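Me: I'd like a close look at one small part of this protein before I get into the rest. Can you start there and then walk me outwards?

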Amino acid sequence: MEASVTNSATRDDIVAGRTSLGIEFGSTRIKACLVGPDPTDVIATGSHAWENRFEDRRWTYALDDVWSGVQAAYADLVANVRAAHGVTPETFGAIGVSAMMHGYLAFDASDELLVPFRTWRNTSTGPAAAELSALLGINIPLRWSIAHLHQAVLDDEPHVADIRFVTTLAGYVHGRLTGEKVLGVGDASGMFPIDPATRDYDQRRVDLFDAHAAGRLPADLRSLLPAVRVAGQAAGSLTPAGAALLDPSGALRPGVPFCPPEGDAGTGMVATAAVAPRTGNVSAGTSIFAMVVLERPLQSMHHEIDVVTTPAGDLVAMVHCNNGASELAAWAGMFERFAAAAGFPLEPDAVYEALFREALAGEADAGGLLAYNHLAGEPIAGTDEGRPLFVRTPDSRFTLGNAIRAQLYGVFGTLALGMRVLDAEGVALDRMFAHGGMFRTAGVAQRFLAAALAAPVAVGETASEGGAWGIAVLAAYLDHSADLDLDTYLQQRVFAAASIDVAEPDDADAAGFAAYLDRYDAGLAIERAAVAALS
């Protein structure tokens, strides 16, 4: 995005706090994004790389890494602001925090963490998810917070008696910065089902759960969960302790208002202006998921589909896959190392560009090759653990173009299986927006995704900015929510002049992907066998 104001005006906006700051905890990067009074004006960004850990057979992040990471990302942003504009931010018009949805952060009465953070990537909650899905009459996925909580109950974990509060990563960070135990409705919808009429936890289902869990939890469910807020509602302000935690240098002043903390699915919807019915978006990172805003509730319960909400509280069908572009990144890393070893080092983006362009030369069905990107368990595929696989038969065409096309198709494989379910439900989709780093190479991943979904796929200028920009936009919306609903705000104030590239499905690609997906579906038996055979 190009700056829409002069450096002098931008400097004045920074000093006066006419800016909005978004902070997002992604699976591999913590990113900060500062926007001006016009949210399309990205003043500066900052980031810090981090990684999850697989400890005691659970995926986790250390909370110390949360704070050292966000301090590093914020310091990087401040350094970039200072270098470009000669001033250090001391305040902002608003701040928003977003993070990976779901998972389990349980605290005692002293706000001490009871067990290590259990992320969305864990698939150890099968009995609880099945029991709650039957009880509540709605699909409760393995990664949802309520599934983690109930699994701890079923397993008689000692910490359960001491639980006084359960939240998500975004809710935890927001709480430490503001002192408020609240959550945006989109993120809350990945903890427990939401009633679209009240835009709050579904009270009928809350009552069902409380009756079912009576005597096994130390308090009723509502007292354990964060209060729900919708986009545009106030959600607290930066405390002195929070300011010192975010910016140990002491330059940042307390008192900055916060928007409700949201999940990465919600910020992805905002970053792609996909919050109205018949719109949707695909977010591709370590995980990959599709969000389709519904015109009506689904007719049936499907284990492949989560029902969540937009940040405004409207129902969304979500197809979530635990595995996204990480395996593709590993392949790109191998070719990056090959180029360096051959004496021709390339930057990572140049490696992706070369490989993606080669994929265009591959056959429409990837020449009979198959790629499974399953580093972690994949509920839609019926696996509890991941085994990345590259599979070919003796008569398949093993070329570089086919191999990379297979890897790209593999990123979308499980997602496409879930989207078939929505198609069978008659869910209408006018256009799908895509965002994430893999869409930076124009016209390749976008083209293949259009083939996979058999629908037009749009990519805009914000495709690689992602959720940090999305939560900055939600922070900016605090000043406009009294006059405009979220969709109108996005259409009129944020995306009115946005440059958007739309890829229509190519007939040959669509037929090739359909053939690939049939092989992919049949070949899932290989993936399941690998999980069973290779410990």
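Between which two strands is the loop where Asp 56 lies?

Reply: Asp 56 sits in the loop that joins strand 4 (53–55) to strand 5 (58–60); helices (H or I, at least four residues) and strands (E, at least two) are DSSP runs numbered from the N terminus. Before going on: this is a predicted model, where local features need pLDDT of at least 70, side-chain atom pairs count only at pLDDT 80 or more, and totals for chains, interfaces and linings use all residues. Residues are numbered from 1 along each chain as its sequence is written, and side-chain values use heavy atoms, with hydrogens and water left out.

Back to the loop. Asp 56 has a phi near 55 degrees, a positive value in a residue that isn't glycine. Asp 56 counts as exposed because its relative accessibility is 77% (exposed is over 50% relative accessible area, buried under 20%, partly exposed in between, with a 1.4 Å probe and protein chains only).

Now put His 102 beside it. His 102 also isn't a glycine and has a positive phi, about 70 degrees. You'll find His 102 in the loop between strand 6 (94–99) and strand 7 (105–107). But His 102 is buried, at a relative accessible area of 2%.

Another loop worth a visit holds Asn 139, between helix 3 (126–136) and helix 4 (145–154). Asn 139 counts as buried at 9% relative accessibility. Its C-alpha is 8.3 Å from that of Glu 304, although 165 residues separate the two in sequence. Setting aside residues up to four places away, Asn 139 touches Ser 133, Trp 144, Met 301, His 302, His 303, Ile 305 and Asp 306 (contact means heavy atoms within 4.5 Å).

Helix 3 and helix 4 turn up again as partners of helix 7: the buried residues of helix 7 pack against both of them, as well as strand 11 (200–201) and helix 8 (221–224). Those buried residues of helix 7 (residues 203–212) are Arg 205, Val 206 and Phe 209. They cover an arc of only 105 degrees around the axis, so they're on the same side of helix 7; the arc is that of the directions from helix axis to C-beta atoms. Arg 204 and Ala 211 are exposed on the face turned away from that side.

Helix 16 (residues 486–494) can be read in a similar way: Leu 486, Tyr 489, Leu 490 and Val 494 are buried there. Looking down the axis of helix 16, they fall within an arc of 95 degrees and so line one face of the helix. The partners for these buried residues are helix 10 (264–271) and helix 15 (467–476).

Next, Cys 33, which is in strand 2 (residues 29–35) and counts as buried at 0% relative accessibility. Cys 33 and Ile 471 are 438 residues apart along the chain, yet their C-alpha atoms are separated by 8.7 Å. Beyond its neighbours within four places, the contacts of Cys 33 include Leu 77, Ala 468, Trp 469 and Ala 472. Val 316 in strand 17 (residues 315–321) is likewise buried at 0%. Among the residues that Val 316 touches are Met 269, Met 291, Val 308 and Thr 310.

Finally, the nonpolar core. The largest one has 134 residues, of which Leu 408, Phe 412 and Met 438 touch the most other members, and helix 13 gives the largest share, 13 residues. (A core is a set of buried Ala, Val, Leu, Ile, Met, Phe, Trp, Tyr and Cys residues joined through side-chain atoms within 4.5 Å.) Outside the four nearest places in sequence, Phe 412 touches residues including Ile 288, Met 438, Phe 448 and Phe 513.

Helix 13 (residues 400–424) also packs on helix 11 (residues 326–341), at about 150 degrees with the axes 9 Å apart. Axes are lines fitted to C-alpha atoms, for helices over the stretch in contact, and angles run from 0 to 180 degrees between N-to-C directions. The two helices are therefore roughly antiparallel (over 145 degrees; under 35 is roughly parallel, 65 to 115 roughly perpendicular, the rest oblique). From helix 11, Glu 327, Leu 328, Trp 331 and Phe 335 take part, meeting residues of helix 13 that include Leu 408 and Val 411.
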